[in-house]
Amino acid sequence: MTTPEQDASPGPASIPAAARLDAPAPRRPRARRLRDRVALGWLAAAVVIAIVHRWVPSATWLMIHLVLLGALTHSAMVWSEHFAHTLLHTVPDEAGRRRQDVRIGLLGVGALMVFLGVPLDVWPLVVLGATAVSAAVIWHGAHLVSVLRAALPSRFRIVTRTYIAASCCLPVGVGFGAALAFGLPEEWHGRLLIAHLGANLLGWIGLTVTGTLVTFWPTMLRTRMDERAETLARQALPLQLVGLSVLIAGALVGWSPLALAGLLGYVAGLIWWGRALIRPLRAHGLREFAPASVLAALLWAGIGLAWVGWLLATTGSWAGVADALPTVGGVFAVGFAAQLLSGALSYLIPSVMGGGPSVVRAGAAWFDRFAGVRLIVINAGLLLFLMPVASWVKVTTSLVVLVALAAFLPLLLGGAKASARARRALAAGEPPAPASERVPWSMNQAVAGVAALVLAITVGVAVDPAASGVTTTPTAQSVAVAPTGNTTRVEVTARGMTFTPNRIVVPAGDRLVVVLHNADAAMAHDLILGSARTPRVAPGQTVELDAGVIGASVQGYCSVAGHRQMGMTLDVVVEGTPQADSSGHDTTSHAGGTGSAIPANPSDSLSAPLDPVLAPLGAEREHKLTLRVTEVPLEVAPGLWQTRWTFNGSGVGPTLHGRVGDVFEITLVNDGSIGHSIDFHAGALAPDKPMRTIAPGETLTYRFTAQRAGIWMYHCSTMPMSTHIAAGMTGAVVIEPDGLDPVDRSYVLVQSEVFLANAATAADQAQEVDSDKVVAEKPDRVVFNGIANQYDLTPFTAKVGERVRFWVLDAGPNRASAFHIVGGQFDTVWSEGTYTLRQGRAASGGTDGGAQVMPLQPAQGGFVELSFPEEGHYPVVSHIMVDAERGAHGIVKVTP
């Protein structure tokens, strides 16, 4: 094959004519040029979702699919048709171009329907969108078949055959995806997820990419191709197709060894094909951003495939495979797809816009700007994100990676303007700029890329020093002792809320070094000994703590909230000296010490009261929700703050609402710094897997069918459970009983207890839950919906004569509730699955009774109904009056 600089005539083995830098191309009509911008639009949408993901349902799924189903699928369809026509020496007529535009439009509309239907949980819209996407790709494949049949014999017909095989895969994978959106048991969800990934990512995208790079890879490198390229591609395709078929079959029948064998067969085909990429790379090297980005994408594809293989080989259940695949999907979306697109389009867009070599060079030069910085930040940043680093380091690192990826879009605009200027200069007769060898790598760019990542890490560490690995400089213990010069080194294992061993004997004057290994599967731990402390140690990790010279006995402990109270302490005993009375617990941070009451609410206003209204049920019978664990400062009383452990950043988790028979699919995302879990009382199923604790950065999918009515509690079930619930990790699931009477207004109240470590009057002063107070059962506040007295400041509303329903859940963790409305009487009481009173009629048949209180033990719930006889202000309380005085208090404001 001749190089682009040597031959400008298209031939069977030459590069696509429209992609040549030295062949002036006619300027395309505006509608044709706009095709390339569709993929850029999907990428821009992915960037926007990445920025606002906390407020977008199914955000992780949406970001991955905007890149893979949106941008990459669009580009695969457009450019595979372009390369097929070029290599087969066929030129589509105007009618053929219009039909291609229709196919592209059908694909875009179908993808948009899917992107709206999945987050909004509108399954018919998902099915309609999936059908449109499948129809567009089937039509595309049929068109390629007709082009291949009509073309004269030529080399590289295997490329078009590969495109046709790829187009057969996507409809199959789309069908699996639509079935996943319907909601399936965990085991089937995992099996279909692997089949979906295989057909769409390895089949549709993988085959299209391998087919294209046969000729496009040496073109980007501006060198000759390997003369074996066509033969290797022809030999590899059967291996890939057979391997892919076996992988999908193994997933569908639920036999992971068969699926793994299929994946290995597919990878064998890739390796056989990939041999054709080596000679061009060695001949010319990486001198531009485009091939470097594509090579990085291929390396990440290899990492992703190895990861999937590891999951199939080592994970004991398909549900476990499904739990890990969102992270793998992120690797494919960011490491593979985004870099593949930015690399390929960096070469193709300037070339296909045409205008002659000088115009193409002017536009292409923009894509090489900051190439070294971008590649280092994207690839090293993604690698860092996948490592067991602190959550804030992950956040800051992901932000700089996002900036580096998004930089492609403004560079594209700059390149387009540069091409336009060069075209105008050429038309005016000005001499073109001299050609130059563009080598965008430099030591300065390498330093800048590393510096950007170091800055991101530094910011992440500054936000949470303890979780990020910053330790306090160890000092000698308070009792003066002559150093012996010896070091006592002890290995300690943290597992199951205990240190093993939990007692260490040290000669006085020895330096103590503790090697701490966290053997828990999902829970982070640390160790504090006097003034020395470790960072939060992730599961499976090991750190060393230098406690300094030991002069007196001391008790160490794990500082994760609740762990010390569960017995996670380590006694260091000095030989030959009396044991010091040292708990290792810093009581100075507490207002008056453990058990001391926090003063009255310091403010008469709230920054963000929680809306208690329960919206009416819609027609949907399947409910999907992402619960994201965060650890954030929130007001727990007017002007009083605490760092809360939350589901979705609120003082109480979002209320789920449905009917008997409804299906709930909940995705738990742990963005916290320690392990968390979730337990839904509304579902009846074995707790072993769905209620397991997951480590920071992991996700878990929990599915259940509501089989009985009630207001059910959900909560974090990680030990110590009392601390996790008290810290805010609880919420309600309202499942309405059949034949529920209509009411004019409906409210939800979740009562719980707050245990404060300090009297913080601002967010930056907030501390976490005081676990000693939890154990001592000494709450500072008892609250409705996470905030004391909030409904005194923003009352419930009703009108005279309206029927009002209050759903009430006592989330505890310890105290009972006696729900009462001062001045009102309940004519309906429904608690724990039964009516004791329904519109004045008792279960025994009486019709003249009423109720003044609904008593609830922790985790119990129910609802009451009443109407208000006249306008006024009706206090809402727990009639355990000390708790009403602690904040379990509100007002119903009744107007005429």
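**Exercise 1. Find what share of the chain is buried, and describe its overall make-up.**

Solution. Buried residues account for 54% of the 896 residues in the chain. The model is predicted, with an average pLDDT of 84 over the chain. A score of at least 70 is reached by 89% of the residues. The secondary structure consists of 21 helices and 29 strands. Of the contacts between residues at least 6 apart in sequence, 76% join residues at least 24 apart.

**Exercise 2. Identify stretches where pLDDT stays under 50.**

Solution. One such stretch is residues 471-478, for which the model has 24 contacts beyond four places in sequence. Another is residues 578-595, with 34 contacts beyond four places in sequence. Where pLDDT is low, the predicted coordinates should not be read in detail.

**Exercise 3. Decide how helix 3 is oriented relative to helix 5 and to helix 4.**

Solution. Two packed helices are described by the angle between their axes and the distance between the axes.

Step 1. The axes of helix 3 (residues 59-88) and helix 5 (residues 123-150) come within 10 Å and cross at roughly 10 degrees. Angles under 35 degrees count as roughly parallel, so helix 3 and helix 5 are roughly parallel to each other. Residues making this contact include Leu69, Met77 and Glu81 of helix 3, and Val133, His140 and Leu148 of helix 5.

Step 2. For helix 3 and helix 4 (residues 94-120), the packing angle is about 170 degrees and the axes are 11 Å apart. Angles over 145 degrees count as roughly antiparallel, so helix 3 is roughly antiparallel to helix 4. On the helix 3 side, the residues that meet helix 4 include Trp61, Leu69, Met77 and Glu81. On the helix 4 side, Gln100, Leu107 and Phe115 are among them.

**Exercise 4. Check the length of helix 8 against the expected span, and locate its bend.**

Solution. Helix 8 covers residues 229-253, which is 25 residues. At 1.5 Å a residue, counted for one less than the number of residues, the expected span is 36 Å. The end C-alpha atoms are 36 Å apart, so the two values agree. The helix bends by about 25 degrees at Ala236, and Pro238 follows within four residues. Just after helix 8, Gly254 has a positive phi of about 80 degrees.

**Exercise 5. Classify Thr208 and Asp604 as buried or exposed.**

Solution. Thr208 is in helix 7 (residues 186-221). Its relative accessibility is 6%, so Thr208 is buried. Beyond its neighbours within four places in sequence, Thr208 contacts Ala76, Ser80, Tyr163, Ala166 and Gly203.

Asp604 is in the loop between strand 9 (569-575) and strand 10 (622-637). With 66% relative accessibility, Asp604 counts as exposed. Its C-alpha atom is separated by 9.6 Å from that of Gln790, 186 residues apart along the chain.

**Exercise 6. Locate residues with less common backbone geometry.**

Solution. Most residues other than glycine have a negative phi, and most peptide bonds are trans.

Step 1. Glu777 has a positive phi near 55 degrees. This residue is in the loop between helix 19 (771-776) and strand 19 (781-784), and is exposed at 51%.

Step 2. Asn789 has a positive phi near 60 degrees. It is in the loop between strand 19 and helix 20 (790-793), and is buried at 17%.

Step 3. The bond from Thr500 to Pro501 is cis, with omega near -5 degrees. Pro501 is in the loop between strand 2 (499-500) and strand 3 (503-507).

Step 4. The bond from Met719 to Pro720 is cis, with omega near -5 degrees. Pro720 is in the loop between strand 16 (710-715) and helix 18 (721-726).

How values were computed:
Residues are numbered from 1 along each chain as its sequence is written. This is a predicted model: local features need pLDDT of at least 70, side-chain atom pairs count only at pLDDT 80 or more; totals for chains, interfaces and linings use all residues. Side-chain values use heavy atoms; hydrogens and water are left out. Helices (H or I, at least four residues) and strands (E, at least two) are DSSP runs, numbered from the N terminus. The bend at a residue is the angle between axes fitted to the seven residues ending there and the seven starting there. pLDDT is the predictor's confidence in each residue, from 0 to 100. Contact means heavy atoms within 4.5 Å. Buried means under 20% relative accessible area, exposed over 50%, partly exposed in between (1.4 Å probe, protein chains only). Axes are lines fitted to C-alpha atoms, for helices over the stretch in contact, and angles run from 0 to 180 degrees between N-to-C directions. Angles under 35 degrees count as roughly parallel, over 145 as roughly antiparallel, 65 to 115 as roughly perpendicular and the rest as oblique.
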